[in-house]
Amino acid sequence: MNALVLTKVGGILGPFAWILGLIMNYIFEFLNFLGIPSVGLTIILFTLVVNLLMMPLTIKQQRFTRMSSLINPEIQKIQKKYKGKTDTASVNRMQAETQAVYAKYGSSPTAGCLPLLIQLPILFALYRVIYNIPAYVDVIGDLYRTIAVPIQATSGGADIMNQLMTDLSIRVSNFNFDDINKIIDALNYVKSTGWDTLVQAFVSNPDVGTAVGAVKDTIISMNQLPGGLNIIDAPVQLNAGIAGFFPGIIIPVLAGVTQFISTKVTQPKQKDTDVEENSMMASMKMMNVTMPLISVFFCLTLPAGIGVYWIASAVFRTLSIVVANRYFDSKDLDILIEENKKKAAKKSERRGGKPTWSERMMGASAAAQAQQENEKQKSLSEIAKANTKKNYKPRDYQASDRPVDTSSIASIAHMLDRKDKED
């Protein structure tokens, strides 16, 4: 079933989705002005514009990746040097040497995290906007509204709509028949072959059939892709045999190929030995296999419009990374390092010389390890002390007054018998 979100995204993603929705609306209106009101082309251009807007973040991320290729080998040497050493002195020295390496290149362990944190809500909001275009593109929303209005006015329309959604495998979260936007959400995922079913369901209200007849062809035309595909439909029709695979199979295949190329380009260059020793690089290597497969799976099951976005996103992301890498390749490495160090110095000035968040975290980690080592040593000391025998004073032995018969073994054995205090 197609699970739909609210007409317009709220919460933390709301502002991002609102801005992205404006961009998509302007793009569609521009194409409509040119006489090519294509939702598929709108998605492609929209993805291009968003990637261009995020280009500064991409450059920042690639700068960190370039520095990491220099930093990681030195960090690995430090980790090998102190491997197995958990005493306080060793932990502090390892921490100091690690911080010195990052300072040497004007970087920090968290330098690559900020661009990702900024991009994540943008990407999530972008996906929501593409998944529910009528909520953000006025022209398309108005077309669906002309059908939703007579549907909402139909007597018993709520029960009819619920049954129709079941028949067409459409699920809208928190569906409310009294909310016209929720009805538009459902209509947005009526496939190109489902309009006749909708008209039959609301046969009791001829106005619904009239409205569908007036805008159905326009909606299908706007959602049309080359090869007869429709962005609302799944690209592959599994119940149609071999014929249902073509040409739609091209979308998941292209999604997998472009995702594979994107992950390969994104992954920083490392020596084979470094890749084997660095768990992060090993994970990225695994992503080269898993991410393309995930792309293929989702693009087989989700509407073709999502596949178009997935392909366009991978292509433009790859191109932006290639451009960023060309930019860094054209600059001397020493110059890049000096630029990094100057930026780090300026940030330090703005902080008033206070340590960065990552430095505080690294220091806290070292302190925690030192505290753990102290507790361990204290515990071992207490155990050793508990197992130490008590100090006993020797008995006050005195020679016996009895004469000793040196020829008798028994008499010699009683030489040290304690003398009775009283006779």
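1. A good place to start is where two helices touch: Gly 40, Ile 43, Ile 44, Thr 47, Leu 48 and Asn 51 of helix 2 meet Gly 305, Val 308, Tyr 309, Ala 312, Ser 313, Phe 316 and Arg 317 of helix 14. Contact here means heavy atoms within 4.5 Å, and helices are DSSP runs (H or I, at least four residues) numbered from the N terminus. By class, this contact has seven nonpolar, five polar and one charged residues; Ala, Val, Leu, Ile, Met, Phe, Trp, Tyr, Cys and Pro count as nonpolar, Asp, Glu, Lys and Arg as charged, and the others, Gly among them, as polar.

2. Please keep in mind that this is a predicted model, where local features need pLDDT of at least 70, side-chain atom pairs count only at pLDDT 80 or more, and totals for chains, interfaces and linings use all residues. Residues are numbered from 1 along each chain as its sequence is written, and side-chain values use heavy atoms, leaving out hydrogens and water.

3. Now for salt bridges (a side-chain nitrogen of Lys or Arg within 4 Å of a carboxyl oxygen of Asp or Glu): the whole structure has six. One of them joins Arg 66 and Asp 329, at 3.0 Å from N to O. This pair links distant parts of the chain, with Arg 66 in helix 3, Asp 329 in helix 14, and their positions 263 residues apart.

4. Lys 341 and Glu 338 also form a salt bridge, with their closest N and O atoms 4.0 Å apart. Both sit in helix 15, three residues apart, so about one helical turn separates them.
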